[in-house]
Amino acid sequence: MKGWATVAAALLGMTGQAVAGPCTPGDIVVKFATVVSATDNPKGIAARIFADRVNHEMAGKLCVIVYPDSTLYDDDSVLQAMLQGDVQLAAPSLSKFEAFTKVFRLFDLPFLFPDLQAVDAFETSPAGARMKSSMAGRGLAGLEFWHSGMKQFSANRPLLHPGDAKGLKFRIQPSEVIAASIRALEAHPLSIAFSDVPDALATGVVDGQENTWSNIYAQKLYAVQDGITETNHGVLEYLVVTSADFLRSLPPDIRSQFLDILHQVTVERNAAVTAVEARSRAAIIAAGGRIRTLTPAERAEWVAAMQPVWGQFRSDVGPDNLAAAEAAARQTGTVQTGADAPGG
Ligand code: SIN
């Protein structure tokens, strides 16, 4: 069985020389660019397992080379590169599709989804499934949603009440909804590339950030923050995406096998993400990071401060999509005040 591509093999591919690693001459080569590490992160793990399976089961037909840690493209440039045919697969967070569609703004609405089960229920609903093709007119084909986890806030001072965030600068992804959510806390949002977050926090360019347990652990953000507050205020989700041209160019039997493997890996890995996130949370504590939990009353303060943001984006995300997401949130039996609050 061929192993998955190493960074060395990936770099060899970038130079345009004979592709090493899992590929043999004549294979259709699929370059898969990610910004995360290949080991500690739900996306990195899923990408590795997907590549391993394709390279084993489709040997001699098609091969996947994974480029972790922004070694090929970062999320700012990857979609344009994909449209030019320079990379075939990526899984940016849904916050990074602003230039292509506004419907994914739904996923950034604060306190909409209480947990990953609710996200799953929405994504597999007709409304969620339709969202994957929202960029067809722009040449991008959404293939599968991948979970990363629930997001937590951290800062260089304790965050227990929304007022504690006042005046602080927070690193955010390039998302209008997240920017509005930070402003709702009377704080300042600053969009910064994922790979630059550790330095930005360490040097005081920003005071705080929001991300999943796995990203906070893998980037060692806990080491440059006073602590992490378990807010679960949002969700970080990915869309595995390719170009419509590339997908069309695949012979039907190859396309179908490729998409089948991707779907199987998606179902398997999405079901495992809660456990991966719990391991990262435990690892942060073991490494000396401080985690603060909120009382129900403190949590309600954060919901009240951020949830009014929904009103600004209702028409972008589509009222029907929002209704379907709220229904999914109720289905899991762990409805939180964000989904039920007046005006929501
Ligand atoms: C990722 O997990 O792909 C990065 C998310 C971020 O930019 O915070």
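## Exercises on a ligand site and its surroundings

In this model, an N or O atom in the side chain of Arg 171 is 2.7 Å from an oxygen atom of the ligand. The model is predicted, with local features needing pLDDT of at least 70 and side-chain atom pairs counting only at pLDDT 80 or more, while totals for chains, interfaces and linings use all residues. Residues are numbered from 1 along each chain as its sequence is written, and side-chain values use heavy atoms, with hydrogens and water left out.

**Exercise 1.** Describe the surroundings of the ligand, starting from its polar partners and ending with its cover.

*Solution.* Begin with the oxygen atoms of the ligand: a polar side-chain atom of Lys 96 lies 2.6 Å from one oxygen atom, and for Asn 211 the corresponding distance to a ligand oxygen is 2.8 Å. Taken alone the ligand exposes 260 Å², of which the protein buries 100% (areas by the Shrake-Rupley method with a 1.4 Å probe). Next, list the neighbours, meaning residues with a heavy atom within 4 Å of the ligand; among them are Val 35, Lys 43, Gln 173, Phe 194 and Tyr 238. Sorted by class, this shell has 5 nonpolar, 3 polar and 3 charged residues, where Asp, Glu, Lys and Arg count as charged, Ala, Val, Leu, Ile, Met, Phe, Trp, Tyr, Cys and Pro as nonpolar, and the others, Gly among them, as polar.

**Exercise 2.** Is Glu 210 buried or exposed, and which side chains does its side chain contact?

*Solution.* First place the residue: Glu 210 belongs to strand β7, residues 208-211 (strands are DSSP runs of E with at least two residues, helices are runs of H or I with at least four, and both are numbered from the N terminus). Then check its cover: Glu 210 has a relative accessible area of 5% and is therefore buried, since buried means under 20%, exposed over 50%, and partly exposed in between, using a 1.4 Å probe and protein chains only. Finally, the side chain of Glu 210 makes a polar contact with the side chain of Lys 151 at 3.0 Å, and another with that of His 233 at 2.8 Å; such a contact is a pair of N or O atoms within 3.5 Å, and within protein one must be able to donate a hydrogen and the other to accept it, with residues adjacent in sequence counting only if both atoms are side-chain atoms.

**Exercise 3.** Where is Phe 111 found, and what is its phi?

*Solution.* Phe 111 is found in the loop between α4 (105-108) and α5 (116-123). Its phi is positive, about 60 degrees, although Phe 111 is not a glycine. At 1% relative accessibility, Phe 111 counts as buried.
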